[in-house]
Amino acid sequence: MSQQPDDSSCSPHSPSPERLKQFHSAGRGPWPHVSDADWRDWRWQLKNRVTNLAQLEKLLPGLTDEERAGVQLADTKLAMAITPCFFNLIDRDDANCPIRRQVIPRGEETNTAPWEMSDPCGEDAHSPVPGLVHRYPDRVLFLVTDRCASYCRYCTRSRLVSNASGYDFQPQFDKQIEYIAKTPAIRDVLLSGGDPLLLSDEKLENLLSRLRAIPHVEFLRIGTRIPIFLPQRITPELCAMLRQFHPLFVSIHTNHPRELTTEVRDALGRLADAGIQLGNQSVLLRHVNDDEVVMKALVQKLLMCRVRPYYIYQCDLIAGSAHLRASVRRGLEIMQSLRGHTTGYAVPQYVIDAPGGGGKVPVSPAYVLSRNHDRVVIRNFEGKVFEYPEARDGTPLYKPSENFTAPELV
Ligand code: SF4
């Protein structure tokens, strides 16, 4: 069934910034009987994930018909799995809880529009060997696994993660490494998936060692949501292993300040103490974080966790995600509410991954109003307009149209 994009704006009832920025433990919720040792064991968390309707009905009274329908269909599209510690962040009295919307499937996922795709970033078309995406000249995406600790309902790679739709992802590390070794232009390798931190320490160490041994690989990155979904996995042993491979950057993925619990903050602190540079990627999601107050609290709270907000992604055109996609207009309004209104380090880059494989395109509210050979007209975060005299070598990169008029101030 096709549907038009919904452009309506965010919930008007944002909690206060102070409340959003408080750190709380995820607590034990409906698992009070579990021993401390088990609760803190990441393998126990994985083994006890919420994965089916019977469990969910028991743990979350008041499941909506929309959610019930979604859970029943999940195993044919993108599996449902929620770690107990992340499950505890759900507000059971709020059917529109921003945590709940991210991980509990809804029947709306079966609504697909003609412009939606199963591979919106065109990764498969840029894959020289299975599990490797070479889209940009000097860097590659190295897909390590199709498993995650929990599954995000808007996942760009839902075609392959969880293997619910039979993609049969088979990474071939030898071939992936061989391609990188024989391609000297590649200086940056991003491990992703699925979640690379689900690999055992030994397997991950072996993979990082082999990549580090390639002379032209200057820089390694890991994209992971494990510190959020499964902070117990960030053990001192894992951090000690990772620190051998500097420069190593880790990009986490957080969408709402409530995800930053005391356990998550401590796990991120362990990574930062191991000298790992931490950045965050968020996806702009309707009724999750398409709200100025929520997004500002998130980016400020990330800095308190020693994480630099890096990207806000416009939600990709993944099939069945219309109910979660916020408009680009909302994204621009949110960017405008951040730039100049909070610490520059807290302001991420807003990007749209151009549909079909065009790569990331930065989008930003307009601060340059006009420009010619002798002046640049700019506006600041308060909307005040200024002229800056252009330097002598400032011949415009493009010739402004003769009919050009400065855009109206927002
Ligand atoms: S953790 Fe990342 S790869 Fe896994 S489901 Fe979520 S967005 Fe997709």
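Which residues surround the ligand? The close-ups below start there, and every one comes from a predicted model.

**View 1. The ligand and its shell of residues.** Three cysteines sit around the ligand here: Cys-148, Cys-152 and Cys-155. Tyr-151, Arg-157, Val-161, Gly-193, Gly-194, Asp-195, Arg-225 and His-253 make up the rest of the surroundings. Sorted by character, this shell has five nonpolar, three polar and three charged residues.

**View 2. The largest nonpolar core.** This core holds 85 residues. Look for Val-140, Phe-142, Tyr-151, Val-189 and Leu-285, the ones that touch the most other members. As for helices, α13 (residues 292–304) gives the most to the core, putting in six residues. Tyr-151 turns up here and also in the ligand's surroundings.

**View 3. Phe-142 and its contacts.** Leaving aside residues up to four places away in sequence, Phe-142 touches Gly-131, Leu-132 and Gln-176. It also touches Val-189, Leu-190 and Leu-191. Val-189, like Phe-142, is on the list of core residues that touch the most other members.

**View 4. Helix α9, with a buried side and an exposed side.** Leu-204, Leu-207 and Leu-208 are the buried residues to find in α9. They cover an arc of only 95 degrees around the axis, so they end up on the same side of the helix. Flip to the other side and you'll meet Glu-202 and Ser-209, both exposed. The buried residues pack against α8 (173–181) and β4 (219–223).

**View 5. Helix α9 from end to end.** Residues 201–212 form this helix, 12 in total. At 1.5 Å a residue they should span 16 Å, and the end C-alpha atoms are 16 Å apart, so the two values agree.

Notes
Residues are numbered from 1 along each chain as its sequence is written. This is a predicted model: local features need pLDDT of at least 70, side-chain atom pairs count only at pLDDT 80 or more; totals for chains, interfaces and linings use all residues. A nonpolar core is a set of buried Ala, Val, Leu, Ile, Met, Phe, Trp, Tyr and Cys residues joined through C-beta atoms within 7 Å. A residue is buried if 20 or more other C-beta atoms lie within 10 Å of its own, exposed if 12 or fewer, and partly exposed in between; C-beta atoms are placed from the backbone. Helices (H or I, at least four residues) and strands (E, at least two) are DSSP runs, numbered from the N terminus. Two residues are in contact if their C-beta atoms, placed from the backbone, lie within 7 Å. A residue is near a molecule or strand if its C-beta atom, placed from the backbone, lies within 6 Å of it. Ala, Val, Leu, Ile, Met, Phe, Trp, Tyr, Cys and Pro count as nonpolar, Asp, Glu, Lys and Arg as charged, and the others, Gly among them, as polar. The expected span of a helix is 1.5 Å times one less than its number of residues. The arc is that of the directions from the helix axis to the C-beta atoms.
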